[in-house]
Amino acid sequence: MTEAHTLPASGTQAAPTALPPLEQTRHLATEIPGPASRELSARATQALPQGLGTAQQTWAYRAGGGIVEDVDGNRLIDLGSGIATTTVGNADPRVVAAAHEQAQRLTHTCFLNQPYEAYLALCEKLSDITPGDHAKRTALFSTGAEALENAVKYARAATGKSGVVVFDHAFHGRTNMTMAMTAKNNPYKKSFGPFPGEVYRTPSPYSYRWAGTAQEAADEALAQLALIVDAQVGPENIACIVLEPIQGEGGFIVPPEGFLPRLSEFCADRGILFVADEVQTGIARTGDMFACEHEGVVPDLMTLAKGLGGGYPIAAVVGRAEVMDAPHRGGIGGTYAGNPVACAAALEVLRQCEEDNLPARAREIGEILTSRLREAAESNPAIGDVRGRGAMIAVEVVVPGSDKTPDAAKVGAVARACEQNGVLVLTAGTYGNVLRFLPPLTISDELLHDALDVVIQQLTV
């Protein structure tokens, strides 16, 4: 049995030592969960509130490339990337080096109190690389939910209007405002209301579950949007319409081709700002640097987080200069927003995305995922749909022989079985019946195929 990994005792200072390279193979040293993970889980039941339930039974010790090593020495293939966060690889040496160098000089001042160049440099970079050649401004925050909350503030300040329109199956965060914008009740909203008003919901063109063709789904969704905006609320009362270019927690719902450009035009025609929530889709994940670029859409405001910091907490709102300049001085900010260490990490992530052409690598990963999963679907009626783009691919699981009845129980069982066999997968979907795959872009083809062998096998059980 592999010796369990432990942290230094409280009050001691461990000398900085270089860890040996993490072997890029799947390896089970113990049963899953192993004894050290079980011990930590027992401690957690006494120390942590039950609302912090975790998806995996293994406790991570270190990670890198396409592998997460747990405290028992098991090496598991990572198909989640910390929910699309460690896109360039967990503990990537170049990101760690950039963060370390910055941490030696400055860890915090609060930018609102005393500014520092790393914040400015990251804002300049994001304004330069995001879609559109118009004048832009960028502000930094700590989380995706915080970015969404502030995007609404910018939109309201700029338009003088208060209404916010969001879509079915949306997820925008866990703050009070973003819970109001999020569609799914359990577990995100249940028992936490009341929520802010002036948030209106419209149907999403979920092609797999919409009668007719994908184009008919798009047409009907836009017709329903027009009914809500023009007849029920009034465009003169709506500050912004917010949409994830590919809906993440909702189940990787990809809008039909042409829907996003038509939505953007719909907003422009009515003087409504279009906010693209790219918290999960941004930073090379979908095969473009930003998912909006797939159809040349230029949003008025864009929110970013997750993959931006390479594992360090940082988020951003990028938008038209006239919109971002609207709030009064001092009206936007936060103590930790744009932390200098996280800024340094984010600048290194963006450098790697460009120099290593990570969008192209995302497309390669997507081709492997979709080809293997669609081949499996030909002989497995439980696989109702395979969808996504780039390294953001999902399988919707249904009861075989039914009329697309969601099978959340099957998805939960598959996820648990995959972990027990050394593969980490995530679940999603309004109905809880979606397996989603968000591997780090540093994963090897060999590891990806090994993981898919396990996933496909468990889907057939």
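## Helix packing: H4 against H10

In this predicted model, the axes of helix H4 (residues 117-129) and helix H10 (residues 340-355) come within 9 Å of each other. They cross at roughly 35°. The crossing of H4 past H10 is left-handed.

H4 brings Ala-118, Tyr-119, Ala-121, Leu-122, Lys-125, Leu-126 and Ile-129 to the contact. H10 answers with Pro-340, Cys-343, Ala-346, Leu-347, Leu-350 and Glu-354. By class, eleven of the residues in this contact are nonpolar, two are charged and no residue is polar.

## The second largest pocket

H4 also takes part in a pocket. The second largest pocket holds about 620 Å³ of space. It is lined by 22 residues, and the closest to its centre are Phe-111, Leu-112, Tyr-119, Tyr-154 and Ile-332. Tyr-119 therefore has two roles to note here: it belongs to the H4 side of the contact with H10, and it is among the residues closest to the pocket centre.Which elements give two or more residues to the lining of this pocket? They are H4 and strand S4 (136-141). The largest share, five residues, comes from S4. The lining divides into 13 nonpolar, six polar and three charged residues.

## Enclosed cavities

How many cavities of 30 Å³ or more does a search of the whole structure find? There are three. The largest cavity contains about 60 Å³ of space.

Its lining is made up of Thr-130, Pro-131, His-134, Lys-136, Pro-299, Asp-300, Leu-301, Met-302, Val-318 and Gly-319. Two elements, S9 and strand S10 (315-320), each give two or more residues to that lining. Five of the lining residues are nonpolar, three are polar and two are charged.

## Thr-286, a buried loop residue

Thr-286 sits in the loop between strand S8 (273-277) and strand S9 (301-304). Is this residue buried or exposed? Thr-286 has a relative accessible area of 2%, so it is buried; the cut-off for that class is under 20%.

Leaving aside residues up to four places away in sequence, Thr-286 touches Ile-246, Thr-281, Ala-291, Arg-389, Gly-390 and Met-392.

## The loop between H6 and S6

Three backbone features fall in the loop between helix H6 (176-181) and strand S6 (199-202). Two are cis peptide bonds. One runs from Asn-186 to Pro-187, with omega near 15°. The other joins Gly-193 and Pro-194, with omega about 5°. Pro-187 lies in this loop, and so does Pro-194.

The third feature is at Ser-191. Its phi is positive, about 75°, although the residue is not a glycine. Ser-191 belongs to the loop between H6 and S6. Its relative accessible area is 67%, so Ser-191 is exposed; the exposed class begins over 50%.

## Positive phi in H2

Ala-84 is also a residue other than glycine with a positive phi, near 65°. Its place is in helix H2 (residues 81-84). Is Ala-84 buried or exposed? Ala-84 counts as buried, because its relative accessibility is 2%. Ser-191, by contrast, is exposed at 67%.

Methods: Residues are numbered from 1 along each chain as its sequence is written. This is a predicted model: local features need pLDDT of at least 70, side-chain atom pairs count only at pLDDT 80 or more; totals for chains, interfaces and linings use all residues. Side-chain values use heavy atoms; hydrogens and water are left out. Helices (H or I, at least four residues) and strands (E, at least two) are DSSP runs, numbered from the N terminus. Buried means under 20% relative accessible area, exposed over 50%, partly exposed in between (1.4 Å probe, protein chains only). Contact means heavy atoms within 4.5 Å. On a 1 Å grid over the protein atoms alone, a cavity is a set of points where a 1.4 Å probe fits but cannot get out, and a pocket is an open set with protein on both sides within 12 Å along at least five of seven lines; lining residues have an atom within 4 Å of a point. Grid points are joined across faces, edges and corners, and a volume is the space filled by probe spheres set on the points. Ala, Val, Leu, Ile, Met, Phe, Trp, Tyr, Cys and Pro count as nonpolar, Asp, Glu, Lys and Arg as charged, and the others, Gly among them, as polar. Axes are lines fitted to C-alpha atoms, for helices over the stretch in contact, and angles run from 0 to 180 degrees between N-to-C directions. A crossing is left-handed if the near helix is turned anticlockwise from the far one by less than a right angle, and right-handed if clockwise.
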